[in-house]
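Hi,

Here is the structure I said I would pass on. Have a look at it first, and my notes follow underneath.

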Amino acid sequence: MFIAAILILVLVITLFSLRFYNVNKYNVSDMQETENYHDLSDYPEQFSYGTVRYFKNGMASGFHLQPDTPIAAEPIVVFGGSEGSSNFPLAEQISEQGYEVYSLFFFGADNQVDTLNKILLEFFQDFLDEAELNNEDITIIGGSKGAELALVLTNYYNEVHHLVLYTPSSYIYQGLVFNEEARSSWIWEDTEMLYIDITHNPVSLLLSN
Amino acid sequence: MFDMFVLNPVSYRPTYETAVEMNDHSQEARIDLSHIDGHALLLAGEQNEGDIAAKEIGEVLDDQAKW
């Protein structure tokens, strides 16, 4: 009985030690807050060497960072990942080097779908129209789901020229939602693109979370 | 359950790897890279599935890519 109590005590201490270690090493918690990336008051109207303009057109939403003295280079579009940001800090950093940058949301804005699920790729045409970049070469920088999006867009928009992709994907995966049915991440001309369902995995992302 | 309690970080790699293997139409869900006419810089770590994809994409794009 005494040995069993000791073992249970050791087990409890071990579990809480692991929890403490993870909280401190990875800065995780069981009550993570979801950031709101759509409060415009959180964004500046200018950066060190230029101006910032928020725009909406059709299903496009984002920021145009225009340097005062732009360098001769094709415009850059930056996408965030599944967190839903427009990767604004990166856009700011790049535009300070003289690049004209567009920092785009692809879901979550009030003219877009709420979640990363069944996103209409035609939002990119609305962006091209707004930025007057039809038939112009564009570089896209995307991370994770934004990298997947960038690759998918190459199939429909000749404007996409160079790519910088962080943690890219060779496949189209399902949308990342947990309070509705996850379908394809992307829709083109009213048709869901074929996708890989990650919940087929016994060690599913849902359980991992 | 254990991972949730001790707050282990989410491990995406096995999830995505197994999902590709188990889906019957994985090849149809593969992204067509044939329309890329510029260059691609591919960056990924080894803790998720991104390094495998970066290598696959890089091999297809050949001289057009650095990874």
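Bear in mind that this is a predicted model. I'll start with a loop in chain B: B:D62 sits between α3 (50–61) and β2 of that chain. Its phi is near 55°, a positive value in a residue that isn't glycine. Most residues other than glycine have a negative phi, so I made a note of it.

Chain A has a case of this kind too. A:N135, in the loop between α3 and β7 of chain A, has a phi near 65°, again positive and again not a glycine. A:N135 counts as exposed because its relative accessibility is 72%, and the cut-off for exposed is over 50%.

Now for the sheet, which takes in strands from both chains. It is open, has nine strands and mixed pairing, and the order reads β1(A)-β2(A)-β3(A)-β5(A)-β4(A)-β7(A)-β8(A)-β1(B)-β2(B). At the edges are β1 (46–47) of chain A and β2 (65–66) of chain B, each paired on one side only.

Where do the chains join? Strand β8 (residues 160–166) of chain A runs parallel to β1 (residues 40–43) of chain B, with four bridges between them. To find the spot, go to A:Y166, whose bridge partner in β1(B) is B:L43.

Two chain A helices lie across strands of that chain. Helix α2 (residues 88–95) crosses β1, β2, β3, β4, β5 and β7, at about 25° to β3(A). Helix α3 (residues 123–131) lies across β2, β3, β4, β5, β7 and β8, at about 130° to β2(A).

Cheers

Note on methods. Residues are numbered from 1 along each chain as its sequence is written. Chains are lettered from A and ligands numbered from 1 in the order in which they are written. This is a predicted model: local features need pLDDT of at least 70, side-chain atom pairs count only at pLDDT 80 or more; totals for chains, interfaces and linings use all residues. Side-chain values use heavy atoms; hydrogens and water are left out. Two strands pair if DSSP finds at least two bridges between them. Contact means heavy atoms within 4.5 Å. Axes are lines fitted to C-alpha atoms, for helices over the stretch in contact, and angles run from 0 to 180 degrees between N-to-C directions. Buried means under 20% relative accessible area, exposed over 50%, partly exposed in between (1.4 Å probe, protein chains only).
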